[in-house]
Amino acid sequence: MNVEHEISLLVEEIRRLGTKNADGKVSVKFGVLFADEKCANLFEALVGTLKAAKRRKIVTYQGELLLQGVHDNVDIMLLQD
């Protein structure tokens, strides 16, 4: 799969699993995204797809690298609709 396609799938999954905050932006916890069975089957490298989406300013989150367990409570916020 190409990166653009994986990012578009990621955006769909963030919308499916996330909730809107006071600003109207959709966000989801990394742990929720990582533990979701559909996401596990869709993304070979979820962290790599997240990094690519962050570089393209499609999502934002604290830090550079997210690790399961350690960063489960980190919010991943969708910047584009």
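## Contacts and overall form

A contact here means that heavy atoms lie within 4.5 Å of each other. In this predicted model, 48% of the contacts between residues at least 6 apart in sequence join residues at least 24 apart.

The chain contains four helices and four strands, and their order along the sequence is α-β-β-α-α-α-β-β. Its radius of gyration is 11 Å, close to the 12 Å expected from the globule rule for 81 residues, so the chain is as compact as a globular protein of that length. Along the principal axes, the C-alpha atoms occupy a box of roughly 35 × 25 × 25 Å.

## Burial and surface

Of the 81 residues in the chain, 36% are buried. The exposed surface amounts to about 5000 Å², and carbon and sulfur atoms supply 50% of that area.

A nonpolar patch on the surface is formed by Leu65, Leu67 and Val70, which together have about 290 Å² of accessible area. Leu65 belongs to the loop between β3 (59–60) and β4 (75–78). With a relative accessible area of 47%, Leu65 is partly exposed; this value satisfies the requirement of over 30% for a residue to join a patch.

## The salt-bridge network

Five salt bridges are present in the structure. One of them pairs Glu13 with Arg16, with a separation of 2.6 Å between the closest N and O atoms. Both residues are part of helix α1 (residues 3–17), where they stand three residues apart, about one turn of the helix. Their accessibilities fall in separate classes: Glu13 is buried at 3% relative accessible area, whereas Arg16 is partly exposed at 41%.

Glu13 also forms a salt bridge with Lys38, for which the closest N and O atoms are 3.3 Å apart. This pair links distant parts of the chain, since Lys38 lies in helix α3 (residues 37–42) and Glu13 in helix α1, 25 residues apart. Lys38 has a relative accessible area of 45% and is therefore partly exposed.

Arg16 in turn meets Asp36 in a salt bridge with an N to O distance of 2.5 Å. Because Arg16 lies in helix α1 and Asp36 in the loop between α2 (30–35) and α3, this pair ties together parts that are 20 residues apart in sequence. Asp36 counts as buried, at 14% relative accessibility. Through shared partners, the salt bridges join Glu13, Arg16, Asp36 and Lys38 into one network.

## The buried side of helix α4

Helix α4 (residues 46–55) contributes several buried residues, namely Leu46, Thr49, Leu50, Ala52 and Ala53. They lie on the same side of α4, because the arc they cover around the axis is only 160 degrees. The elements against which the buried residues of α4 pack are α1, α2, β3 and β4.

Thr49, located in helix α4, has a relative accessibility of 6% and is accordingly buried. When residues up to four places away in sequence are not counted, Thr49 touches Glu6, Ile7, Leu10 and Phe43. Among these contacts, Glu6, Ile7 and Leu10 fall within the residue range 3–17 of helix α1. After helix α4 comes Lys57, which has a positive phi, near 60 degrees.

## A buried serine in strand β2

Which residues does Ser27 touch, not counting residues up to four places away in sequence? They are Gly18, Thr19, Asp75, Ile76 and Met77. Ser27 itself is placed in strand β2 (residues 26–29). Its relative accessibility of 13% is under the 20% limit, so Ser27 counts as buried. Three of its contacts, Asp75, Ile76 and Met77, carry numbers that fall within strand β4 (75–78).

Definitions and conventions:
Residues numbered from 1 in each chain as written. Predicted model: local features only at pLDDT ≥ 70, side-chain atom pairs only at ≥ 80, totals over all residues. Heavy atoms only, no water. Salt bridge = Lys/Arg side-chain N within 4 Å of Asp/Glu carboxyl O. Helix = DSSP H or I, 4+ residues; strand = E, 2+ residues; numbered from the N terminus. Buried < 20%, exposed > 50% of the residue type's maximum accessible area, 1.4 Å probe, protein only. Patch = residues over 30% accessible without salt bridge, like charges linked within 9 Å, V, L, I, M, F, W, Y side chains within 5 Å. Areas by Shrake-Rupley, 256 points an atom, 1.4 Å probe, with all protein chains shown as cover. Arc of directions from axis to C-beta. Rg over C-alpha atoms; globule rule 2.2 N^0.38 Å.
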